[in-house]
Amino acid sequence: MSNLSQRLLIFVGSYAEPDNTGVYVYAFDPVQEAFERLDAVSGLKNPTFLSVDADHRKVYSIAETQNKAGERIGEAVAFAVDPETGRLRELNRSHTIQPSSSHIALDRENRYIALSGYHGGNVGLAKLEEGGLVGPLVDEQQHAGKGADPERQDRPHPHSSLFSPDNRYMLVADLGLDLVRTYAFEAESGTLKPASDAITPPGSGPRHMAFHPNGKWVFSINEVGNSMTTYRYDAASGRLTPVDTISTLPRHFQGENTTAEVAVSKDGRFLYGSNRGHDSIVQYSIDENSGKLSLVEYVSTEGGHPRHFALTPDGGHLIAANRDANNLVLFRVDRETGRLQFTGKTVTVSKPVCVRPVLFG
């Protein structure tokens, strides 16, 4: 590997105070299964989630701050990635939604970022300006209502957003309302218009979502109900139709657990989800005709509270971010079976929340 453009970079967001390191950059060699730390950035409060635009060498992070009135408010921060060293250079910061954001997602054309507000029940849309700078909010949608669980679902909790493959719709998983809301996304005007709602079983609490490579199915991992829901996706209308819901836990597990992240294998044959409490990655096989899931296995994440994980772009490895163990854990993925094997390789990171492996080149 002669330069950065041929490297696989790993961007990590974490819980951190401004005086401490919050965003990390690693180079990853998949042959040697080795990590090399390239940069670490401080000055941000809780830069937990990141989104990466590899084409323009930009990284976007959420964070928390205060406005002029002293009120808590979310902000989005843009970074440029140096093509030679992998170091991050802050470009700008912009206030977003109140009181904070829990997730950030780029649209498919890298022109907008969507912010999900777990604590405020809101969703914001900000346009990216020339040079990749974060502009002000251009739209904001407020959710209303409550779900079945009196403690976890007493009000709306939008947890994440996901743009459709054709960029015409934006899906929002609302943990508090037991639904995934589809918004019609108008890129030219920068607006969101509610289109439809897909309801989960009561007490499910949708958290994160992933599209199948065929664009026909969406998988939603449900944090409160410890389950995974398969939806059939209609590309014309953006409507989701529930197909099936399956547990993420072993049948006889009795401990406390909440789920976190979901990802589909590159070939579309397997689905993975993380359990916090059972501290595992659950693997399913995906029926090629219906999208229904069948359990394959559970694998320990070798640490507590796997808040996030990601497959590398070639599908050869899975990296789990264990918040309470303060580490990233590397697994090898069997190309035929999709099964995970712990490599014995770990990286120490303080309270990691998000891991983004992105190929530059």
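Trainee: Which residues does Ile 113 touch, not counting residues up to four places away in sequence?

Mentor: Happy to start there, and keep in mind that this is a predicted model. Ile 113 touches Tyr 60, Ala 76, Ile 104, Ala 105, Leu 106, Gly 124, Leu 125, Ala 126, Leu 128 and Val 134.

Trainee: How should I read a cluster like that?

Mentor: In soluble globular proteins, nonpolar side chains tend to be buried together. Here the largest nonpolar core has 33 residues, and Ile 113 is among those with the most contacts inside it, along with Phe 11, Tyr 60 and Leu 88. Strand E6 (residues 72-81) supplies the largest share of this core, five residues. Apart from it lies another core, of 14 residues, including Leu 8, Val 12, Ile 319 and Val 355.

Trainee: Now strands: which ones does E2 pair with?

Mentor: Strands of a sheet pair through backbone hydrogen bonds, either parallel or antiparallel. E2 runs antiparallel to strand E1 (residues 8-14), joined by six bridges, with Ile 10 partnered by Tyr 26. On to strand E3 (residues 34-41): E2 pairs with E3 in the antiparallel sense over seven bridges, one of them matching Phe 28 with Phe 35. E2 and E3 form a hairpin with four residues between them, and Glu 33 in the turn has a positive phi of about 55°.

Trainee: Are the faces of E2 covered or open?

Mentor: Both are covered: Val 23, Val 25, Ala 27 and Asp 29 are buried on one side, and Tyr 24, Tyr 26 and Phe 28 on the other.

Trainee: What is the strand order in the open sheet of four strands?

Mentor: The order is E20-E21-E22-E23, with antiparallel pairing. Strands E20 (258-264) and E23 (293-300) are the edges, each pairing on one side only. The twist averages 25° from one strand to the next.

Definitions and conventions:
Residues numbered from 1 in each chain as written. Predicted model: local features only at pLDDT ≥ 70, side-chain atom pairs only at ≥ 80, totals over all residues. Heavy atoms only, no water. Pairing = 2+ DSSP bridges. Helix = DSSP H or I, 4+ residues; strand = E, 2+ residues; numbered from the N terminus. Axes fitted to C-alpha atoms, helices over the stretch in contact; angles between N-to-C directions. Core = buried A, V, L, I, M, F, W, Y, C linked by side-chain atoms within 4.5 Å. Buried < 20%, exposed > 50% of the residue type's maximum accessible area, 1.4 Å probe, protein only. Contact = heavy atoms within 4.5 Å.
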